[in-house]
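This briefing goes through one protein structure, from overall figures to a few individual residues. Please keep the sequence and the 3D view at hand while reading.

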Amino acid sequence: MGQKVRSANLLSNLPQLQNLIKRDPRSYEEEFNQQLHHFEASLAIFELKPDEDAKEFGELIHFLAQVARCYPEKSARFPMQLIELLQRHYPVLDSELRKSIVQALILLRNRGVVSNAKVMPLFFTLFRCRDKKLRSMLYTHIVNDVKMANKGKHRDHKLNKSLQSFMYTMVTAADAQDKHGEGAIAAKKSLDVCIELYRKNIWTDAKAVNVIVQACFSPINKVMLTAAQFFLNPTKKSDNDNSDDSDDGESNSNAGSAGKTMKNRVNLIKIEHQSKVNKKSKSRMRILKKATRVHARAQAIRDGQVVEEDDEDGIGAGGSKKKKRASGPAVNFDALSLVHDAQSFAEKLFARVHRSATATKRGGSTVDRFEVRLILLKLVSRLIGHHQLQLMAFYPFLQRYLQPHQLEVTQILALLANASHAFTPPDVLQPLIRAIADNFVSDHCAPEVMCAGLNTVRAIAVRQPLAIDPDLLNDLIMYRKHKDKGVMMAARSLLTLYRQLNPEMLHRRERGREATMNLSAGGAGSGPLSFGEVRPAEGVDGAELLELTDDGSSSLDELEYASADEGHSDLELSEAGLSDVESASSDLEPLASDAENDEAAVSELESEGSEQEALSDNDDDGDDDNDNDGEDDDDDEDDGDGVGDDETPEAPAAAGTSKPIVKKRVDMVRFLTNEDFARIERLKRRQRSEGQQKQPKKAKKAKTDNDDDYSDYEDSNGEGEEEYGSDGSQADEDDADGMVNTWDILGDYHSRRRRKATYEERLQSIRAGREGRDKFSSRKAQREKEGRSLTNREKRKTKNFKMISHKRSVVSKGRRSLAQKRRELRTHVVRQKKGF
């Protein structure tokens with residue numbers, strides 16, 4: 001009797017029965033069969049009225065999902081029954097019951113009872129439900145499930161293709177074009193899934209990217225903006241990713257993020273304080289380092305920097321470090337490069353912007369806000385610059401916005417520069433540059449406006465040097481003597497750019513020494529490129545830097561190559577029959593002497609070159625009337641050296657070698673290794689930093705009446721402006737590869753966007769400021785400079801009390817009477833008032 005009562009209670013207590021079945025499935029198989037039959041009967045009754053609340057039915061579903069894998073044969077139909085139930089009645093089901101069924105399917109999928117090919121289409125369909133918590137749960141599960149299916153180097157291509165095709169149908173469906181329909185919600189969440197999988201380096205193929213391309217044509221701004229912002233920054237999460245329809249309610253994301261930031265900041269301060277006062281241990285140090293990394297990562301995200309996903313810094317539970325597994329192939333092409341038809345994509349986006357800009361609300365047409373149009377214009381400019389497209393109507397359309405009072409004018413100037421490339425006709429860009437020069441670069445404009453205009457002209461000229469005419473160029477570079485530092489730096493960077501690209505457009509006295517020498521030398525392939533011309537590269541870029549040592553001096557690689565060639569010739573002679581040891585040794589003796597003579601010749605030529613440089617520095621290079629003298633000097637240098645650009649110095653005739661050694665490029669002689677490429681990059685950075693650090697030389701003579709157009713600083717050096725770029729850095733052609741941002745338009749001086757100095761740099765700046773200021777130096781610095789230490793009385797103040805507690809003076813202080821203390825205190829107050 002007691003056993004029957006216990007079994008009856010067991011059938012009504014599902015959590016206890018679940019625990020017992022998991023421990024011993026075979027003993028409780030009959031109870032499972034009873035619950036399974038009860039589920040089937042309840043399911044048939046529930047389908048008659050699916051909109052009713054059925055709490056017991058949801059608990060039964062949860063129980064069967066927990067123990068289904070213990071009886072795989074008997075519960076084979078259970079997952080399909082749940083899937084069919086959701087497919088038929090998901091719009092009218094109770095929210096809690098629908099959530100219970102979805103959780104049961106997720107549990108069955110995680111345990112491998114049902115395949116993802118069966119549940120994934122259903123989950124995407126459930127995005128149509130107006131249940132924000134349910135959509136969030138489905139979104140997380142889909143992303144994690146696809147990530148696990150494509151774990152490591154394995155890729156489930158069949159699943160990926162089927163899901164991408166399903167997403168394409170959801171994004172382009174007819175009900176997805178209705179702003180208030182359920183299809184728009186599903187399209188937005190499907191787009192979020194696709195973007196998140198791309199950011200996790202899982203779906204990086206062209207099909208996934210072109211699904212996002214179709215979302216850019218959606219009439220719903222939220223869907224369209226999410227897709228457009230993805231192409232503008234594929235690695236950064238958008239603000240719209242965590243938001244759904246407006247009918248579901250908008251959360252105050254700014255206040256939440258601010259509160260979270262403040263909480264993280266408070267926690268970091270608290271942890272730092274605890275690490276100082278508590279006992280030092282490895283666990284506390286590990287917690288402090290982790291909190292510091294989290295805070296630094298949050299700060300980088302707030303600054304707009306691209307931050308890779310941090311899996312808790314590789315630290316798992318218990319403090320043990322997890323080994324990071326390969327998340328997939330390292331190759332990840334840019335999203336814009338995977339667009340199938342970039343020309344039609346850009347044309348459709350621009351047509352929408354143009355239609356919205358010219359339409360009015362009176363006709364019933366939709367007019368996008370200016371912020372929305374600006375994002376689309378950014379994407380169009382990025383497409384034009386990346387794929388070098390021809391969209392002639394884009395440039396006249398931007399001319400209406402080129403006014404200093406225009407809203408977000410710096411972004412408009414930046415996207416104009418991004419839309420310029422080498423195949424843009426100069427006739428199209430010249431009216432825009434003329435409008436920028438007239439509206440932004442004039443004396444009645446503010447310095448920030450002038451700096452933005454000059455930097456925009458330079459950014460366009462980097463990509464298309466023929467877009468500016470010589471007269472306008474020479475007018476703009478006259479602002480290099482402006483009193484504002486930002487304007488001066490921008491004008492000098494424009495001058496430096498054309499000294500490198502096309503010095504013929506400049507006046508002769510503004511070309512600089514190096515550009516003038518290059519023009520006089522001439523040579524094939526040294527002139528500026530004409531429109532549409534492409535000049536192929538010869539060899540590895542920067543290979544000539546490998547011939548320099550780490551200190552910047554010339555190396556003897558060429559002599560090593562020459563000696564290697566001569567060594568091969570001797571080897572061939574020996575193979576031909578010269579096997580005598582004495583003859584071979586006699587042949588090697590002149591070779592050694594030749595190498596010694598070559599080293600001596602190189603050192604002699606280096607000394608002569610340094611003397612010539614010293615003499616040339618003392619000469620006046622600003623005199624442009626003496627042109628014949630400059631030509632004679634060049635001829636003398638050529639005659640004296642006897643060395644061409646492609647030849648090494650000759651050895652003296654006394655050494656018996658009069659044949660010059662032909663210089664060979666390093667990349668033509670041997671294969672370059674990874675270390676060589678790393679050294680090239682290091683030497684390039686060093687050259688750029690040296691160019692930034694060198695200070696302009698001031699001319700000793702005063703300006704003459706004929707030199708009013710340029711400064712003494714140019715007369716002494718001739719290359720003074722080469723150290724300034726658009727943002728204070730040295731100008732180079734690397735800007736043509738990257739995208740122009742708003743702080744590039746304003747420049748570092750006016751945008752105040754400067755890199756934070758490191759501790760070593762700040763300390764070096766402080767020490768440099770102390771030099772020659774003994775009057776304001778500290779007493780410690782004065783003592784160190786004089787070479788003396790503290791007095792015994794001063795040292796006694798910093799001693800530990802235990803070291804001096806036994807002294808007579810300290811002991812006597814504690815034995816003083818009250819009257820003695822009062823007298824000494826009164827004496828001390830009097831001395832303080834008198835100031836000694």
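**Overall figures**

The accessible surface of the protein comes to about 50900 Å², and carbon and sulfur atoms hold 50% of that area. The model is predicted. It contains 36 helices and zero strands.

- Of the 836 residues in the protein, 36% are buried.
- Among contacts in the protein with a separation of 6 or more, 69% join residues 24 or more positions apart.

**The largest nonpolar core**

- The largest nonpolar core has 153 residues, and the members that touch the most others are Phe231, Leu379 and Phe394.
- Helix H16, residues 370-387, gives the most to this core, with ten residues.
- Beyond its neighbours within four places in sequence, Leu379 is in contact with Cys216, Ala228, Phe231, Leu232, Leu336, Phe345 and Leu349.
- Phe231 thus appears both in the contact list of Leu379 and among the core residues that touch the most other members.

**Helix H11 and its cover**

- Helix H11 spans residues 206-215 and is mostly covered, with seven of its ten residues buried.
- The buried residues in H11 are Ala208, Val209, Asn210, Val211, Ile212, Val213 and Ala215.
- The cover over the buried residues of H11 includes helix H9 (157-171), helix H10 (182-199), helix H12 (221-232) and helix H15 (342-358).

**Ser381 in helix H16**

- Ser381 is found in helix H16, the helix that gives the most to the largest nonpolar core.
- Ser381 counts as buried because its relative accessibility is 1%, where the cut-off for buried is under 20%.
- Leaving aside neighbours within four places in sequence, the contacts of Ser381 are Phe394, Leu415, Asn418 and Ala419.
- One of these, Phe394, is also among the three residues that touch the most other members of the core.

**Asn418 in helix H18**

- Asn418 lies in helix H18, which covers residues 409-418.
- With a relative accessible area of 6%, Asn418 is buried.
- Outside its neighbours within four places in sequence, Asn418 is in contact with Ser381, Gly385, Arg463, Met739 and Val740.
- Asn418 and Gly385 are 33 residues apart along the chain, and their C-alpha atoms are separated by 5.6 Å.
- A polar atom of the Asn418 side chain lies 2.8 Å from the backbone nitrogen of Val740.

Definitions and conventions:
Residues are numbered from 1 along each chain as its sequence is written. This is a predicted model: local features need pLDDT of at least 70, side-chain atom pairs count only at pLDDT 80 or more; totals for chains, interfaces and linings use all residues. Side-chain values use heavy atoms; hydrogens and water are left out. A nonpolar core is a set of buried Ala, Val, Leu, Ile, Met, Phe, Trp, Tyr and Cys residues joined through side-chain atoms within 4.5 Å. Buried means under 20% relative accessible area, exposed over 50%, partly exposed in between (1.4 Å probe, protein chains only). Helices (H or I, at least four residues) and strands (E, at least two) are DSSP runs, numbered from the N terminus. Contact means heavy atoms within 4.5 Å. Accessible areas come from the Shrake-Rupley method with a 1.4 Å probe; for residues, only the protein chains shown count as cover. A polar contact is a pair of N or O atoms within 3.5 Å; within protein, one must be able to donate a hydrogen and the other to accept it, and residues adjacent in sequence count only if both atoms are side-chain atoms.
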